[in-house]
Every structure is written in C-alpha cells, then in structure tokens.
Amino acid sequence: MTAPILYAGCGIILFSIGLHALLVRRHLLRKILAANIMGSGVFMLFIAAGARGEGTAADPVPQVMVLTGIVVSLCFTAVAIALAVRIHNLTDCTTLAVDEESSID
Amino acid sequence: MTVTEIITTMLLLASLPFFLAGTLGLLRFPDLYCRLHALTKADNLGLGLVVLALIFQADNVQQIIRLLLTWLLVLIAGATVAHLIARKARGDGHKHWSRQ
Amino acid sequence: MIDLVLAFDLILMTTLISLAWLLLASRDLFRAVVLFIAFGLLLALAWTRLGAVDVALAEAAIGAGITGTLLLVGLGKLGSAERCRRTPRPTTFLQRLTPAVLIGIIIPSVTIILLLELRQLQIVSSGQQGLVLSLLDISGTDHPVTAVLLNFRAWDTLLEKGVLLLALVSIWSLDQARPLFHQEAPSPVLKGLSQLYLPILVIVSGALLWQGGYAPGGAFQAGALLSAGILLAILGGRSLLPAWYGMPLRLLAGCGLLIFILIAAATLLAGNLPLQYPQELAGALILLIEIVATVSIAVILAAAVAGGHPAEISATEQQQPPSSEGTS
C-alpha cells in the first residue's frame, strides 16, 4: 500500500504549488489555473485515502465526493472566467488593480 | 507467457518508434507545418499499433469494437484538428520553412 | 513486476508535479492552458491507477475537456498580457518572501500530520466501502458509485445541480454571449466533422449513461460528452433556433434540479424521507433523474462555454439566414 501514500503526498505538493501561484501570480487567468491545480491536489488526497490497493475499485464515497467536486470546480472556473472577462471589459485590466482610494501609502 | 501476450508485447514495442519519432518531430522540426505532419502521422500509426495490441487482450467482440472505434475517432479528430491548425496558421501568414 | 508498477506511478507523479509547476510559471498563457489540458488527461490516468475509474472519466471529459475549452475561450477574450491601469507598487523583498515561507513551513508540517493520519486511517478502518456494498441490493443500481451518487447521498447531487444552475445564472447576469467565431466561416472539414461526430457523441453519451447502472459512467460523464457534441455543432456553424433562446433553454438548464426537487417532494408526500425512494421504484427513478440530469448538465455546460445570456445573439443572428438546429 505504498502507492496511495505517495499519491497523497503528490496531492499535497500539487496543492502547495497551486497555493503559491495563487498568491504570487498576477494575471487573473493564471490565478484561476492555480485554484484548479489546488483543487486537483485535494481530490488526489481524497482518492488516495479511498484507494483499496492494486486492481480493486476505490471506496465509492470519496469517489462521489470528488465527482461532485470536479463539477463544482468547473462551475467555479466558469464563473471566475466570466468575472475576469467582466473586469477586463470594465477596466481593461487583466490583473486585480490596486484601488485608487485604498492605497494609503 | 502465452502467444497473445507475446504478440501484444511485440505490437506495443513496434508502436514505440512511432511515438518517439512523432515527439522528436514535434520538438525538432523547423516550422509549424512540419511539426503538424510529424505529430498526426506518427501518433495515428502509433495509436493504431497500441489498439491492435490491446485487441489481442480483449475479452469479447464489444471491447474490440470499442477499441477500433476509439482509434477511428482519434484518427478523424486528429486529421481535422491538424487541418484547422494549418488553416489558421496559413490565414495568419505563417511562412513555410525552406532550405536556403 | 511490482517495482515496475511503482516506477510507473513515480514517473506519473513527477510528470504531474512538473507539469503543474511549468504551467503556472509559464509566461505564455496559451501554453499554460494547453499544459493544463495535458495535466488533466494525465490526472485521469492517475485516477485509474488509484482505482477511481468514474473520477477518471469525469476528469477527462469535464476537468480536461470542458474546463480546457472554457479557459481557451476566456483567454481569447482576456489576452495573455498582464495589463493594469496603475503600475503595481514594486514588491519589497519581504513581500516576495512571505508566500514562499508560508507555504514552505506550513504545508510540509500539515503534510506530515496528514500522511501520519492517513496511515492510521488505512490500518484502522476500511472506510465506507463495506457499508455501500452491503446496501447495494436495495439501491436500485448495480454500480456502487451510482448508488451513492443518486441514492445514498442524493442530497449532495441535488445541491450540486443547484450549484451548476447558480453558476449559469451568475454567468448570464454578467455578460451576454458572443459568437465564438466572428471573422471567418467555419472550415468545411470542421462542418463535416461536426455532422459526423454529433450523432456519435449522442450515442456514446447515451451508452455511458446506461452503463452507469452497472459500471463506471453516469450522468456527469454523459452530460459532458453531450455538451461537447453541442459545442462541436456550434463550432461547425450551427446555432439554436432563436425561438429556443427564451423559456425552452431555461427549462432545459433547470430541469435537472427541477426533477430532483419534484422527486424529493413526491417521496416526502408518500411518507418517506425526502429522496428516500421506495425500493421497487428506485431503479426507474434513478434512471429518470440521470436522463434528465444529463440533458440539463449538457445544456448548462455548453451555455457556460458560450459565456453569457443569449438574448442579444438572437437579434444579431436573425439578420443572417438562420441555420437551424435542435440540440438534443
């Protein structure tokens, strides 16, 4: 049963990579990609926890949670892209602009 | 190893050069049109051999039909996508590579 | 042989991690999106390695296919350049260091705790699998995942249909749909492909839906395939009849949630808990929900890719000779 443990570790690394990019990158689409990678990392941890060894099907309950999660993350992506396009149309920015009022330095 | 396993292994090994050549072409060929050529031709043949190899491992006729259908659909879709990319590239004015 | 399999797993994991890093660090966003689609397909391979074939099918169809399409359409509208009215303040060294340190310290410590917990979990319990399998007989389906999805935890699925619908409402309230292609007529080859693939995709999606009763497959995967068919038809130059843009489209999008709520109400009226099906009707009810949900998911996903409410499109397209198409 070493492979599921390794996959769980892989999921955590994917989550970290995504979180890092979400904080550091500026372009909105890149942030959306980063959030998707984070989600994939979480899904991988779930499925790895439900894995039942070579050649047998994984535990159905985590599978169902991840199936639902994939659809929800698709919904997130679709709405986030629509919001990003809206921001782009209104402000001609593809990053989150620093607001004029809120910058007190 | 049974006879079918040996045949499967041989066919899978035979598919490897096609994938290798396709990948190499994709990475090293000089312009977009050449790269497309490398990708579609090699991938189609490579996948064909993989499908052929898996047919020898299939349990029933339904699985064989599904495998063949997969190959056929990838073949058609691959050709269409290659055409679309080349068409767009030509529309955008990508130059052909030529030996000078 | 075991070591060979483990080596395959390790190569797959390394590829996944490096792809994730490359795509998030890539300067060219188009490249990043293409790498993301590749990432999704390899992720599907990882799911099959972990024994989650249902998730693999959904990942390939929804995670890589539809999300990839959404991202490409979004990229077309946004552009790859980082543009901003105000130039961002130069970040100080400390500001740049913070995320890395945060992730570098917190994540590894959480990792170690979680991995230890996970080991415990696998030693102590065998999860819910036994329970699900023991109740499979009364669930109305022969596939454990479908049983959990549409019977044991049907509430989750109902709410998820709600999330899908809510997402579509949000998208429609933000923007209006614009044609995916403006400048040129679609290539005749693409038209031919869409004519050939639309019926095939409808059949395969139906087969996948039916297969959900006894093997990996079901409404999500079938819906994603069907929406791919609809999108292919749109790319091939077809469009909905303008008459469909109003109520019919909204009904199609909402029917997945609606059928769930109706059945929940019916079971409540029959004296059961909501969505607690009578045992002899369970199979039929699950099939009914799945068929309706497939159509609804397909319409919602295709509409989400179109990216806005359809009111204005009908006005602009009426000037051109309308090429009519019924989607389902």
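# Exercises on a predicted three-chain model

A:Q63, A:V66, A:L67, A:I70, A:V71, A:L74, A:T77, A:A78, A:I81, A:A84, A:V85 and A:H88 in α3(A) sit against C:D54, C:V55, C:A58, C:E59, C:I62, C:G63, C:I66, C:T67, C:L70, C:G74, C:K77 and C:L78 in α3(C). The residues of this contact split into 15 nonpolar, six polar and three charged. Keep in mind that the model is predicted. Now for some exercises.

## Exercise 1: two helices across the chains

Work out how helix α3 (residues 60-91) of chain A and helix α3 (residues 53-78) of chain C are oriented to each other: roughly parallel or roughly antiparallel?

Solution.

- Step 1. Start with the geometry: the axes of the two helices are 10 Å apart, and the packing angle is about 0 degrees.
- Step 2. Apply the cut-off: angles under 35 degrees count as roughly parallel, while those over 145 count as roughly antiparallel.
- Step 3. So α3(A) and α3(C) are roughly parallel to each other.

## Exercise 2: the whole A–C contact

Zoom out from that helix pair. How many residues does each chain put into the contact, and which helix of chain A gives the most?

Solution.

- Step 1. Chain A brings 70 residues to the contact, and chain C brings 73 residues.
- Step 2. On the chain A side, α1, α2 and α3 each supply at least two residues.
- Step 3. The top contributor on that side is α3(A), with 23 residues.
- Step 4. Sorted by class, the side of chain A that touches chain C holds 47 nonpolar, 16 polar and seven charged residues.

For contrast, look at chain B: five of its residues are in contact with five residues of chain C. The chain B side there has two nonpolar, two polar and one charged residues.

## Exercise 3: a helix pair inside chain C

Helix α3 of chain C also has a partner in its own chain. How do helix α2 (residues 29-49) of chain C and α3(C) cross, and which residues make the contact?

Solution.

- Step 1. The two axes come within 7 Å and cross at roughly 175 degrees.
- Step 2. That angle makes α2(C) roughly antiparallel to α3(C).
- Step 3. From α2(C), the residues involved include C:L29, C:F30, C:V33, C:F36 and C:W47. From α3(C), they include C:V53, C:A56, C:A60, C:L71 and C:L75.
- Step 4. By class, the residues of this contact come out as 17 nonpolar, five polar and one charged.
- Step 5. Check the lists against each other: C:V55, C:E59, C:G63 and C:T67 are among the α3(C) residues that meet α3(A), and C:V55, C:E59, C:G63 and C:T67 are also among those in contact with α2(C).

## Exercise 4: fold and domains

Describe the make-up of chains A and C, then say where the domains of chain C lie.

Solution.

- Step 1. Count the elements: chain A has three helices and zero strands, and chain C has twelve helices and zero strands.
- Step 2. Check burial: 62% of the 105 residues in chain A are buried, against 39% of the 328 residues of chain C.
- Step 3. Look at contacts with a separation of 6 or more. Residues 24 or more positions apart account for 51% of them in chain A and for 76% in chain C.
- Step 4. In chain C, the domain assignment gives domain 1 (1-80) and domain 2 (128-328).
- Step 5. Eleven residues of domain 1 are in contact with 15 residues of domain 2. The domain 1 side has eight nonpolar, two polar and one charged residues.

## Exercise 5: one alanine

Classify A:A35: is it buried, exposed or partly exposed?

Solution.

- Step 1. Place the residue: A:A35 is in helix α2 of chain A.
- Step 2. Use the neighbour count: 20 or more other C-beta atoms within 10 Å means buried, and 12 or fewer means exposed.
- Step 3. A:A35 has 18, so the residue is partly exposed.
- Step 4. Leaving out residues up to four places away in sequence, A:A35 touches A:G18 and A:L22.
- Step 5. A:V85 is 50 residues away along the chain, and its C-alpha atom is 17 Å from that of A:A35.

## Exercise 6: how far to trust chain A

Find which helix of chain A has the highest confidence and which has the lowest.

Solution.

- Step 1. Chain A averages a pLDDT of 83, and 90% of its residues score at least 70.
- Step 2. Confidence is highest in helix α2 (residues 28-50), at 91, and lowest in helix α1 (residues 2-24), at a mean of 86.
- Step 3. Be wary of residues 99-105 of chain A, where the pLDDT is below 50. Beyond near neighbours in sequence, that stretch has one contact in the model.

How values were computed:
Residues are numbered from 1 along each chain as its sequence is written. Chains are lettered from A and ligands numbered from 1 in the order in which they are written. This is a predicted model: local features need pLDDT of at least 70, side-chain atom pairs count only at pLDDT 80 or more; totals for chains, interfaces and linings use all residues. Helices (H or I, at least four residues) and strands (E, at least two) are DSSP runs, numbered from the N terminus. Two residues are in contact if their C-beta atoms, placed from the backbone, lie within 7 Å. Ala, Val, Leu, Ile, Met, Phe, Trp, Tyr, Cys and Pro count as nonpolar, Asp, Glu, Lys and Arg as charged, and the others, Gly among them, as polar. pLDDT is the predictor's confidence in each residue, from 0 to 100. Axes are lines fitted to C-alpha atoms, for helices over the stretch in contact, and angles run from 0 to 180 degrees between N-to-C directions. Angles under 35 degrees count as roughly parallel, over 145 as roughly antiparallel, 65 to 115 as roughly perpendicular and the rest as oblique. Domain bounds come from an automatic or database domain assignment.
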